[in-house]
Amino acid sequence: MNEGQNAPDSAPSPVDAPGPRTQELAHHRDTYLFEADADVVATGTDAAGPWAALSPNIFHPRGGGQPDDAASVDGAPVELFKHDAGWVAFRPRPAAGTDSPAEGEVPPPGTRVRAAVDPETRLLHAALHTAGHLIGFVGESVNGWSYTGHSHFPGQARLDFAPDGLQERFATEELRAGELAAFQARLDALIAGAGAVTATTAADGRRTVEIAGVGSEPCGGTHVDHVDRLAAVTVTEMRIKRGTLKVKYTASHRPL
């Protein structure tokens, strides 16, 4: 299950960046870093308005099936996105219910600011994303199914698999209930033997996430640091719909 980042949201724009064009992606090394002082390392303007990038960056932008963090800079809510130039960037959040460009200014390069993310939102996203890897492993490596897609969004989290040869096994409610119970039992057994969740980033920027006792795969999302942090991972539905076997699930993070 390869979880690449989504395509960038914005067109290229002028960039004013002092020094090397580098950005420390702190959200990749520490899911539990909810606040940090950071420096503005790049700014620009595009069709959606002014934007800026911080280093260290603690924000996770939408991508890889995971929604973006609920983020703020110096206490003001901001909108996150991945810039074409490679920055994890933010812009002033537009007024609710409008599609107009964001109003307001962003701090100039070199400014020190306070970045923050909502802990509850971050932990839910990390739990759902980690659970998605575990469910994907059961589907692919244990059941031998072919993975085709995923979403880790709250309320719509699911893993998709090709239904080839599986139609009869999911033809009735009774059969589906049996398949769900068997899948949940395999998932519970996998979680019981799983351990720490770690990540490494290669020189070319490719990041690999490993769950001890399970496996590793490329991923740019946030995750719990140990499977024991997961309070519940529950498969809620398994059904073939529109030519896809959809495995829906919920997950949560234990209180810190």
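User: In this predicted model, in which loop is Pro56 found, and from which residue does the cis peptide bond to Pro56 run?

Analyst: Pro56 is found in the loop between β3 and β4. Most peptide bonds are trans. The bond leading into Pro56 is cis, with omega near 0°. The residue from which this bond runs is Ser55.

User: How many of the residues of β3 are buried?

Analyst: A residue counts as buried when its relative accessible area is under 20%. By that criterion β3 is mostly covered. The number of buried residues in β3 is seven of seven.

User: With which strand does β3 form a hairpin, and how many bridges join β3 to β6?

Analyst: Strand β2 (residues 35-46) pairs with β3 in the antiparallel sense over seven bridges, and Asp46 stands opposite Gly49 in β3. Two residues lie between the strands of this hairpin, so the hairpin partner of β3 is β2. β3 and β6 also run antiparallel, with Ala52 opposite Phe90 in β6. The bridges joining β3 to β6 number two.

User: Which residues touch the most other members of the largest nonpolar core, and which helix gives the largest share of this core?

Analyst: In soluble globular proteins, nonpolar side chains tend to be buried together. The largest nonpolar core here has 57 residues, and Leu54, Phe59, Leu134, Trp145 and Val247 touch the most other members. The largest share of this core, eight residues, comes from residues 119-142, that is, helix α2.

User: Which residues belong to the other core that lies apart from the largest one?

Analyst: Apart from the largest core lies another, of seven residues. Its members include Ala42, Trp51, Phe81 and Trp87.

User: Which phenylalanines are in contact with Leu54, leaving aside neighbours within four places in sequence?

Analyst: Contact requires heavy atoms within 4.5 Å. With the sequence neighbours left aside, the partners of Leu54 include Gln23, Ala38, Val73, Val88 and Ala115. The list also includes two aromatic residues, Phe59 and Phe90.

User: What is the geometry of the aromatic pair formed by Phe59 and Phe90, and are these residues buried or exposed?

Analyst: The pair links distant parts of the chain, with Phe59 in the loop between β3 (49-55) and β4 (71-73) and Phe90 in strand β6 (residues 88-92), 31 residues apart. The ring centres lie 6.5 Å apart and the planes are at 80°, an edge-to-face arrangement. Because its relative accessibility is 1%, Phe59 counts as buried. Phe90 has a relative accessible area of 4%, so Phe90 is also buried.

User: Why is the pair of Trp145 and Phe161 edge-to-face, and which residues form one aromatic cluster with them?

Analyst: The ring centres are 5.5 Å apart and the planes stand at 65°, so the pair is edge-to-face. Trp145 lies in the loop between α2 and β8 (147-151), and Phe161 in strand β9 (residues 158-161); both are buried. The residues that form one cluster with Trp145 and Phe161 are Phe170 and Phe183.

User: What distance does α2 reach from its first C-alpha to its last, and which residue just after α2 takes a positive phi?

Analyst: α2 has 24 residues, for which 34 Å is expected at 1.5 Å a residue. The distance in the model is close to this, at 33 Å. Just after α2, a positive phi of about 80° is taken by Gly144.

User: Are Asp74 and Arg242, which have positive phi values, buried or exposed?

Analyst: Most residues other than glycine have a negative phi. Asp74, in the loop between β4 and β5 (76-82), has a positive phi of about 50°, while Arg242, in the loop between β13 (230-241) and β14 (244-253), has a phi near 50°. Their relative accessible areas are 52% for Asp74 and 74% for Arg242. As the cut-off for this class is over 50%, Asp74 and Arg242 are exposed.

User: What is the strand order of the open sheet of three strands, and which are its edge strands?

Analyst: The order is β10-β11-β12, with antiparallel pairing. Four bridges join β11 (residues 207-211) to β12, where Ile211 stands opposite Gly215. The strands that pair on one side only, and hence form the edges, are β10 (197-201) and β12 (215-218).

Conventions: Residues are numbered from 1 along each chain as its sequence is written. This is a predicted model: local features need pLDDT of at least 70, side-chain atom pairs count only at pLDDT 80 or more; totals for chains, interfaces and linings use all residues. Side-chain values use heavy atoms; hydrogens and water are left out. A nonpolar core is a set of buried Ala, Val, Leu, Ile, Met, Phe, Trp, Tyr and Cys residues joined through side-chain atoms within 4.5 Å. Buried means under 20% relative accessible area, exposed over 50%, partly exposed in between (1.4 Å probe, protein chains only). The expected span of a helix is 1.5 Å times one less than its number of residues. Two strands pair if DSSP finds at least two bridges between them. Rings of Phe, Tyr and Trp (its six-membered ring) pair if their centres lie within 6.5 Å; planes under 30 degrees apart count as stacked, over 60 as edge-to-face and the rest as tilted.
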